[in-house]
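The exercises below are meant to be worked through with the sequence and the model side by side. Try each task before reading the solution that follows.

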Amino acid sequence: MTESRPAGAGLVDERPANDRAVLEVRDLVKHYPVRAGLLRRSTATVKAVDGVSLTLDRGRTLGLVGESGSGKSTLARVLVGVETPTSGQVLVDGEDVTGRSRAGRKQLRRDVQMVFQDPYTSLNPRMSVSEIVGEPFAIHGIDPAGGRRAAVGELLELVGLDPDHANRYPHQFSGGQRQRVGIARALALRPKILVCDEPVSALDVSVQGQVINLLEDLQDELGLSYLFVAHDLGVVRHIAHDVAVMYLGRIVEQGPEADVYDGARHPYTQALLSAVPVPDPSVRLVETPISEGPTSQGQTSEKRPGIGGIVLEGDPPSPVDPPSGCPFHTRCWLAPTLPEARGDATASSADGVGADGADVVVPHPGLRLVPSACETEVPALVARGSTPDHVTACHFARVLAAPGAGA
Ligand SMILES: Nc1ncnc2c1ncn2[C@@H]1O[C@H](COP(=O)(O)OP(=O)(O)OP(=O)(O)O)[C@@H](O)[C@H]1O
């Protein structure tokens, strides 16, 4: 896992590729111009992906989670070569595939394939399953050994479909079967990596497990690596070996699945996890700073239910104008509770005169106080958990252990 550096640094990263990694993303930026007015002049940019660094290890699954609009799909589209990054690098098996020629991008599309969210809209209804699954051969001008028909039959068998149904059309299949068709198509060119963008969220819960099991079996059989994008943290926990949490175009926490789920350090990750139902929330207690300050016994924190206890207010800020400093500070539930955030308030006296006789600015009661570091400095993604692979971008991650971590 790599540490983040300032977004769009623009320098070519000469670090040697990581041997374990099949995919390395370094400082990836994808900004979209916002066009407005009669002349459609670009007035601003949507910072959809704003300096993402992450690593997908060979044969493993990296879950990518975050609220809607955090940039997950944009990142996925850049990784499969559908979008060109604004800056940054993507390495597949140690080879930089960013900014390649058209032919190079075609090679990238062979190595990195996508499984789409909605099997109802991602398959062309006018094409037979045989045509859909065999289309990548036609696009790439490949004649598989034994012929396309046989190759399509093998692919259908691989995903648990009857090759005799190859001449049927998508509407003749159930949702789960259509997603199997989408997976068969993604596997046609024997890719190294599958980018799965919400691959089960459009399916019935009963079918989701079957598709997840299929993906796991295929991973074992073919040695595939997955970037698995999903809203559902329960599904991600089930399938992912490692997890990355995205907020407003950046990775705010990443690490091995157990470290992130049982020892989350970032207040955003904790908030996401707190929304995941658990069988007995009362047993999940977390050490929480007491917002009113130390008690008369000098206690500065107490155990409170960590799961179900954090409510994130409002929607994420616009990626056109993200907050300064830590992108999460405007919604962070932790920041206002920190002593650093109350500095001004506690220095203020009731009559607005400080101890040295100088006027003191008494904060407006509705003012949201946060530590100045959160407002001014982008926190680096550094190891703050129990293992070096568990990294968090929060100035105050040290304050909190995770909900349910019991630490
Ligand atoms: N082609 C585009 N042009 C302009 N803005 C875009 C474009 N694609 C995405 N965005 C914006 O980039 C931001 C990130 O969008 P993205 O779809 O990547 O997020 P997401 O985390 O995948 O959300 P969801 O889970 O809802 O798909 C959003 O504000 C979105 O409106």
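**Exercise 1. Which domains does the domain assignment of the protein give?**

Solution. The assignment divides the protein into domain 1, covering 21-240, and domain 2, covering 266-407. Looking next at how the two parts meet, we find 11 residues of domain 1 in contact with 7 residues of domain 2. On the domain 1 side of this meeting, strand 2 and helix 7 (233-239) are the elements that contribute two or more residues, and the largest share, 4 residues, belongs to strand 2. Sorted by class, that side of domain 1 holds 6 nonpolar, 3 polar and 2 charged residues.

**Exercise 2. Decide how far the coordinates may be trusted, and where caution is needed.**

Solution. This is a predicted model, and the natural starting point is the average pLDDT of the protein, which is 82, with 76% of the residues scoring at least 70. For the complex, the predictor reports an ipTM of 0.98 and a pTM of 0.83. Two stretches then call for care: over residues 1-12 the pLDDT stays under 50, and the model has 26 contacts beyond four places in sequence for them; over residues 358-363 the pLDDT likewise stays under 50, with 14 such contacts. Where pLDDT is low, the predicted coordinates should not be read in detail.

**Exercise 3. Describe the overall make-up of the protein.**

Solution. Counting elements gives 11 helices and 14 strands. Of the 407 residues, 43% count as buried. Among the contacts with a separation of 6 or more, 67% are between residues 24 or more positions apart.

**Exercise 4. Which residues surround the ligand?**

Solution. The shell consists of Tyr32, Val46, Ala48, Gly66, Ser68, Gly69, Ser70, Gly71, Lys72, Ser73, Thr74 and Pro319. Assigning these residues to elements shows that strand 2 (41-57) and helix 1 (72-79) each supply at least two of them, and that helix 1 gives the largest share, 3 residues. By class, the shell contains 4 nonpolar, 7 polar and 1 charged residues. Strand 2 therefore deserves a second look in the model, and the reader may wish to return to Exercise 1 with this in mind: the strand that helps to surround the ligand also gives 4 residues to the side of domain 1 that touches domain 2.**Exercise 5. In what order do the strands of the open sheet of 8 strands lie?**

Solution. The order is 6-7-8-3-9-10-14-13, and the pairing is mixed. At the edges lie strand 6 (112-115) and strand 13 (382-383), each of which pairs on one side only. Starting from strand 6, the first step leads to strand 7 (residues 193-197), and these two run parallel and are joined by 4 bridges, with Val115 having Cys196 as its bridge partner in strand 7. Strand 7 in turn runs parallel to strand 8, with 5 bridges between them, and here Val195 is partnered by Leu227 of strand 8. Strand 8 (residues 225-229) pairs with strand 3 in the parallel sense over 4 bridges, and Leu64 has Val229 as its partner in strand 8. Strand 3 (residues 61-65) also pairs with strand 9 in the parallel sense, again over 4 bridges, where Leu64 stands opposite Ala244.

The step from strand 9 to strand 10 (residues 250-256) brings an antiparallel pair, joined by 6 bridges, in which Tyr247 stands opposite Arg250. These two strands form a hairpin with 2 residues between them, and Leu248 in the turn has a positive phi of about 50 degrees.

**Exercise 6. Are the two faces of strand 9 covered or open?**

Solution. Taking strand 9 (residues 242-247) residue by residue, we find that 6 of its 6 residues are buried. On one side these are Asp242, Ala244 and Met246, and on the other Val243, Val245 and Tyr247, so that both faces are covered. Strand 7 can be treated in a similar manner: 5 of its 5 residues are buried, with Ile193, Val195 and Asp197 pointing one way and Leu194 and Cys196 the other.

**Exercise 7. What covers the buried residues of helix 9?**

Solution. Helix 9 (residues 267-274) has 8 of its 8 residues buried, namely Pro267, Tyr268, Thr269, Gln270, Ala271, Leu272, Leu273 and Ser274. The elements that cover them include strand 3, helix 7, strand 9, strand 10 and helix 8 (257-263). Two of these, strand 9 and strand 10, are the partners in the hairpin of Exercise 5.

Definitions and conventions:
Residues are numbered from 1 along each chain as its sequence is written. This is a predicted model: local features need pLDDT of at least 70, side-chain atom pairs count only at pLDDT 80 or more; totals for chains, interfaces and linings use all residues. pLDDT is the predictor's confidence in each residue, from 0 to 100. A residue is near a molecule or strand if its C-beta atom, placed from the backbone, lies within 6 Å of it. Ala, Val, Leu, Ile, Met, Phe, Trp, Tyr, Cys and Pro count as nonpolar, Asp, Glu, Lys and Arg as charged, and the others, Gly among them, as polar. Domain bounds come from an automatic or database domain assignment. A residue is buried if 20 or more other C-beta atoms lie within 10 Å of its own, exposed if 12 or fewer, and partly exposed in between; C-beta atoms are placed from the backbone. Two strands pair if DSSP finds at least two bridges between them.
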